[in-house]
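Grab a pencil and have a go at a few exercises on the structure below. Try each one before reading its solution.

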Amino acid sequence: MAFDTQTLLAEPLCRPVRPLARNGNGAIDIAVEIPADFRLLSGERLGQRQVVGRLHGKAGAPLIVVAGGISAGRFVHRTETNGLGWWSGAVSIRGPIDLSRFQVLAFDYAPEAEDGAQSVTITTHDQARLLGLILDEIGDPTVAAFVGCSYGGMIALAFAELFPARVEQLIVVSAAHRAHPQATAWRGIQRRILKLAQEAGRPEDGVALARELAMTTYRTAEEFAERFETEAPTSAGQAYPVCEYLTARGKAYRTHTTPSRWLSLSDSIDRHNVTPEAITTPVTLVGFTSDRLVPIDDIRELAARLPALFRLVEAPSLYGHDAFLKEDEAVAAILRNALKEIDQ
């Protein structure tokens, strides 16, 4: 898929982050008005008026963009968010992405989770363009590194395809240049569950049940075998231990998002498509051999086609697609190695 970046966003000269007032934790939210003429690549208009990012860390330091799965957002760091940071294992003071050494920018994906809102057809390139608006607002700095995991890794690839002059390196974890058909099949079932629940007037139950199915694709059969007994309950219809776990995870997620937002972002994953040969930014690429959503063969194909591959890391894990959230030590070593040469 080829894009004329001049018709999307101009690429002004890169500058340092302009000074911004910060809170006591060194963080600041940045709400940027979406231009009235902004359209998604589908031609649709976003219902929301703003895109919101959050700057963490050391003011004036090199800028690292961090983006995760579709459940991630701008709250990435634990100590600034009372334990709500989605990747506190990597982003922290003296952590692998060191907030005493770097500024970190994370952002909320569109569309917002609003009750009654309709789903939209949004691509990873659209998310990259919205990120570009935030970067414009803070002075269009050079992104020293874009660290993207899962959906965030897809956005990182799309960003580098659209705006090669705005980013110096990518660290892409558990993401490829396209979605695998089997993963699309699993997500397609989730979307049909969500639609059925909406039609039945039970949207929160639909979110919970779709999340249960999603959890079976994030993790591995080996982990489930290790964690759960297979002894049958007393009678048919009662829950098995693994089902109790999944039900609990689904209930915990019921109000985390809306069906329409999940439909939009799930479809966005399956719509993702970049041309690896067009990505000239140096890339550190990380894949986990147990990942069923992003099979290691797809990671290898992407690596073979990237013209500026810096390093391909293949790692085992019990945790499948969730390994980037669970394998703290292995991921930390990769991040520290990739980021060590960035000048202060």
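The exercises below go from a domain and a strand to salt bridges and cavities.

The model is predicted, so to speak of local features a pLDDT of at least 70 is needed, side-chain atom pairs count only at pLDDT 80 or more, and totals for chains, interfaces and linings use all residues. Residues are numbered from 1 along each chain as its sequence is written, and side-chain values use heavy atoms, with hydrogens and water left out.

**Exercise 1. The annotated domain**

Find where UniProt places "domain: AB hydrolase-1", and describe that stretch of chain.

Solution. Start with the record: the unreviewed UniProt entry puts this feature at residues 99-327. UniProt positions follow the numbering used here, feature names are shortened, and annotations may be inferred rather than shown by experiment. Next, the secondary structure: residues 99-327 are 47% helix and 13% strand. Here helices (H or I, at least four residues) and strands (E, at least two) are DSSP runs, numbered from the N terminus. Last, the ends: the end C-alpha atoms of this stretch are 20 Å apart.

**Exercise 2. Strand β6**

Work out how many residues of β6 are buried, and which strands pair with β6.

Solution. First, burial: β6 covers residues 103-107, and 5 of its 5 residues are buried. Buried means under 20% relative accessible area, exposed over 50%, and partly exposed in between (1.4 Å probe, protein chains only).

Second, the faces. In a regular strand the side chains alternate between the two faces of the sheet. In β6, Gln103, Leu105 and Phe107 point one way, while Val104 and Ala106 point the other way.

Third, the neighbours; two strands pair if DSSP finds at least two bridges between them. β2 (residues 50-57) runs antiparallel to β6 over 5 bridges, with Gly57 opposite Gln103. β3 (residues 63-67) pairs with β6 in the parallel sense over 3 bridges, and there Leu63 has Gln103 as its bridge partner.

**Exercise 3. Salt bridges**

For the pairs Arg74 with Asp29, Glu301 with Arg178 and Glu223 with Arg227, say where the partners lie and how accessible they are.

Solution. Begin with the rule: a salt bridge is a side-chain nitrogen of Lys or Arg within 4 Å of a carboxyl oxygen of Asp or Glu. The structure holds 21 of them.

- Step 1. The closest N and O atoms of Arg74 and Asp29 are 3.2 Å apart. The pair links distant parts of the chain, 45 residues apart: Arg74 is in the loop between β3 and β4 (91-92), and Asp29 is in strand β1 (residues 28-33). Arg74 counts as buried because its relative accessibility is 16%, while Asp29, at 35%, is partly exposed.
- Step 2. Glu301 and Arg178 meet at 4.0 Å, N to O. Glu301 lies in helix α8 (residues 296-305) and Arg178 in the loop between β8 (170-173) and α3 (181-199), so this pair ties together parts 123 residues apart in sequence. Both ends are partly exposed: Glu301 at 30% and Arg178 at 29%. These two also belong to a salt-bridge network with Glu277, Asp298 and Arg305.
- Step 3. Glu223 and Arg227 come to 3.0 Å at their closest N and O atoms. Both sit in helix α5 (residues 221-227), 4 residues apart, about one turn of the helix. Glu223 is buried because its relative accessibility is 3%, whereas Arg227 is partly exposed at 41%.

**Exercise 4. Enclosed space**

How many cavities of 30 Å³ or more are there, and which residues line the largest and the second largest?

Solution. Set the rule: on a 1 Å grid over the protein atoms alone, a cavity is a set of points where a 1.4 Å probe fits but cannot get out, and lining residues have an atom within 4 Å of a point. Grid points are joined across faces, edges and corners, and a volume is the space filled by probe spheres set on the points.

Then count: there are 2 cavities of 30 Å³ or more.

The largest holds about 50 Å³. Its lining is Ile70, Tyr253, His256, Thr257, Arg261, Trp262 and Leu265, and α7 gives the most, with 3 residues.

The second largest has a volume of about 30 Å³. Ile171, Val173, Val286, Val331, Ile334 and Leu335 line it, with α10 (328-339) giving the most, 3 residues.

Notes: On a 1 Å grid over the protein atoms alone, a cavity is a set of points where a 1.4 Å probe fits but cannot get out, and a pocket is an open set with protein on both sides within 12 Å along at least five of seven lines; lining residues have an atom within 4 Å of a point.
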